[in-house]
Number of protein chains: 2
Amino acid sequence: MSVRISDSTVRRLSLYLRMLRGLRVRGVELVSSSELADRAGATSAQVRKDLSLFGSCGKRGRGYEVDALTGTIEEILGLSRVWRVALVGVGKIGTALLGYEDMLDRGFRVVAAFDIAPDKIGREIFGVTVSPLSEVESVVCEKGVEIAIIATPPATAPEVAVMLSEAGVGAILNFAPTRISEIDYVPVRTVDLVLELEGLSYLLTSRRRNGDD
Amino acid sequence: MSVRISDSTVRRLSLYLRMLRGLRVRGVELVSSSELADRAGATSAQVRKDLSLFGSCGKRGRGYEVDALTGTIEEILGLSRVWRVALVGVGKIGTALLGYEDMLDRGFRVVAAFDIAPDKIGREIFGVTVSPLSEVESVVCEKGVEIAIIATPPATAPEVAVMLSEAGVGAILNFAPTRISEIDYVPVRTVDLVLELEGLSYLLTSRRRNGDD
DNA sequence: CTTGGCTTGTGAATACTTTCACAAGCCAGA
DNA sequence: TCTGGCTTGTGAAAGTATTCACAAGCCAAG
Ligand SMILES: NC(=O)c1ccc[n+]([C@@H]2O[C@H](COP(=O)([O-])OP(=O)(O)OC[C@H]3O[C@@H](n4cnc5c(N)ncnc54)[C@H](O)[C@@H]3O)[C@@H](O)[C@H]2O)c1
Ligand SMILES: NC(=O)c1ccc[n+]([C@@H]2O[C@H](COP(=O)([O-])OP(=O)(O)OC[C@H]3O[C@@H](n4cnc5c(N)ncnc54)[C@H](O)[C@@H]3O)[C@@H](O)[C@H]2O)c1
């Protein structure tokens with residue numbers, strides 16, 4: 001019954017979903033593939049292909065029902081529920097993430113935080129109490145943590161990932177600029193800020209090289 | 001003379017470069033495509049294809065010269081220099097970014113910061129003085145800002161992007177979960193944390209649906 | 001100098017994604 | 001009920017990216 005949905009399609013589905021939720025709040029009932037496309041930066045054909053992957057619910061001549069489509073995409077992406085998230089490394093970026101309200105609005109609740117620095121442990125930050133990393137196993141189990149975010153220095157990230165996967169975390173989002181290979185079928189995604197800047201550096205440089213065209 | 005290098009290749013080049021710099025510090029002189037591949041999460045054939053895009057410098061039977069290859073990739077990506085970066089929106093994430101030393105180590109120096117909140121303006125944070133957004137044009141020009149990072153609330157991000165491109169910024173890295181379309185040939189990359197979490201949500205959900213295989 | 005082990009560089013093959021283009025279908029209005 | 005305008009769903013085509021597989025080349029050792 002399940003089709004494999006490619007990574008790039010999943011990303012676009014997320015974007016469509018964000019738009020659809022906005023439309024729903026505004027009371028819009030129908031939306032066409034080209035409207036969705038405009039705001040997600042895709043083409044209308046792309047949108048229709050994406051949506052047709054899971055026997056689709058559009059109405060020829062009219063468009064898609066906002067309500068139904070929102071539900072379907074939430075179902076596919078697993079977003080009709082709230083995920084329990086842990087944060088490891090309550091430093092500069094970790095603290096910012098703890099205060100990121102958007103996460104909860106979109107279905108990700110931070111229920112635990114870990115650090116190794118004695119001055120961080122025990123403190124309550126944005127409503128979450130920081131536990132010592134040594135207690136990761138018990139806390140993850142007790143609070144039912146499903147996804148972890150790593151925001152520790154790059155050198156420690158791989159070992160932290162191992163601890164997390166052994167503690168039973170199901171997926172990891174890594175902010176440290178270190179490659180972490182999939183451990184024991186726990187998927188890992190890395191967000192690397194500097195990598196993105198380097199991509200922009202390439203664009204600026206190659207453009208300059210080819211005479212600004 | 002210039003070949004178009006695809007986005008995914010550019011990303012991998014960044015990863016190779018990071019590894020190469022590490023090897024250089026450790027005094028390693030030669031590296032094979034399979035060693036590079038291991039740590040970048042690619043295959044050796046992929047590495048060789050990537051490197052052969054720009055008439056390559058490998059030695060059959062031995063591998064690639066770490067030093068020469070580092071230089072070549074830095075040249076291609078435009079990383080043999082320091083880029084001047086501005087940060088707009090000195091809130092939770094913006095402050096964390098100002099304190100992110102790794103950026104400078106990798107060739108991106110934050111030379112200006114902007115906000116609209118009166119209590120932020122004029123303060124010096126991690127060595128950078130916060131200017132009012134209204135002065136963006138003069139400050140960008142004066143300090144020679146080439147790349148800007150947007151860390152303002154999502155609703156204001158698009159208008160900030162317009163101001164930045166009009167002020168002469170060459171590229172934008174956007175942290176707000178809003179699509180910003182390319183304005184006037186200024187490339188924009190968006191880093192969307194929640195989108196990444198949603199991708200993980202999909203993986204966990206689809207796996208569960210298909211019986212953990 | 002020759003052999004053997006190893007690694008690059010690259011066409012060809014495969015796999016994956018996106019775009020095209022149009023029949024099929026829906027609805028509003030006459 | 002019929003017509004015309006509009007939008008979906010989808011094969012087929014085009015475009016990209018990755019993997020395969022092997023000749024070409026290098027070096028060290030004998
Ligand atoms: N600061 C940023 O804006 C930024 C942006 C993108 C990525 N990053 C990355 O995020 C990571 C953290 O950066 P930061 O600037 O917040 O650094 P930081 O030094 O402010 O914070 C690191 C925190 O991790 C804790 N820590 C260290 N080892 C640990 C371990 N083994 N287990 C648990 N906690 C541990 C430290 O006690 C500290 O609180 C780094 O990998 C950095 O490259 C930072
Ligand atoms: N907090 C996080 O960890 C986090 C993570 C990822 C993405 N983001 C995104 O980054 C953005 C900022 O988030 P935050 O948590 O730092 O919010 P914040 O409210 O702490 O900071 C926003 C800052 O932007 C300033 N600002 C508002 N409008 C502005 C304008 N037009 N020009 C310049 N400055 C302006 C505000 O004065 C404030 O200082 C949001 O779009 C958020 O979705 C935040």
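1. In this predicted model, a backbone N or O atom of A:Pro154 is placed 3.4 Å from an oxygen atom of ligand 1. Two further backbone contacts to oxygen atoms of the ligand can be set beside it: A:Lys92 contributes a backbone N or O atom at 2.9 Å, and B:Leu97 has a polar backbone atom at 3.4 Å. Taken alone, ligand 1 exposes 820 Å², of which the protein buries 87%.

2. The elements that give two or more residues to the shell around ligand 1 are α5 (92-98) of chain A and α5 (92-98) of chain B. Because the residues that surround ligand 1 come from chains A and B, the site is shared between chains. There are 23 residues around the ligand, and those that come nearest are A:Lys92, A:Ile93, A:Asp115, A:Lys120 and A:Thr152. Sorted by class, this shell holds 16 nonpolar, four polar and three charged residues.

3. Turning to the nucleic acid, DNA strand C is surrounded by 22 residues, with A:Arg60, B:Ser33, B:Arg48, B:Arg60 and B:Tyr64 the closest. Of the atoms of strand C that come within 4 Å of the protein, 63% belong to sugar and phosphate. The residues of the protein surface near this strand divide into one nonpolar, 11 polar and 10 charged.

4. Individual contacts to DNA strand C involve both phosphate and base atoms: a polar side-chain atom of A:Thr43 lies 3.4 Å from a phosphate oxygen, whereas a polar backbone atom of A:Gly61 is 3.2 Å from a base nitrogen. The side chain of B:Arg48 also places an N or O atom 2.8 Å from a base nitrogen of the strand. At least two residues of the surface near strand C are supplied by each of α3 (44-52) of chain A and α3 (44-52), β2 (58-59) and β3 (63-65) of chain B.

5. For DNA strand D, the residues that come nearest, out of 24 around the strand, are A:Ser33, A:Arg48, A:Arg60, A:Tyr64 and B:Arg60. Sugar and phosphate make up 63% of the atoms of strand D that come within 4 Å of the protein. The surface near strand D comprises three nonpolar, 11 polar and 10 charged residues, and α3(B) gives the most to this surface, with four residues.

6. Among the contacts to DNA strand D, the side chain of B:Gln46 has an N or O atom 3.3 Å from a phosphate oxygen. Base nitrogens of the strand are approached by a polar side-chain atom of B:Arg60 at 2.9 Å and by a polar backbone atom of B:Gly61 at 3.2 Å.

Conventions
Residues are numbered from 1 along each chain as its sequence is written. Chains are lettered from A and ligands numbered from 1 in the order in which they are written. This is a predicted model: local features need pLDDT of at least 70, side-chain atom pairs count only at pLDDT 80 or more; totals for chains, interfaces and linings use all residues. Side-chain values use heavy atoms; hydrogens and water are left out. A residue is near a molecule or strand if one of its heavy atoms lies within 4 Å of it. A polar contact is a pair of N or O atoms within 3.5 Å; within protein, one must be able to donate a hydrogen and the other to accept it, and residues adjacent in sequence count only if both atoms are side-chain atoms. Accessible areas come from the Shrake-Rupley method with a 1.4 Å probe; for residues, only the protein chains shown count as cover. Ala, Val, Leu, Ile, Met, Phe, Trp, Tyr, Cys and Pro count as nonpolar, Asp, Glu, Lys and Arg as charged, and the others, Gly among them, as polar.
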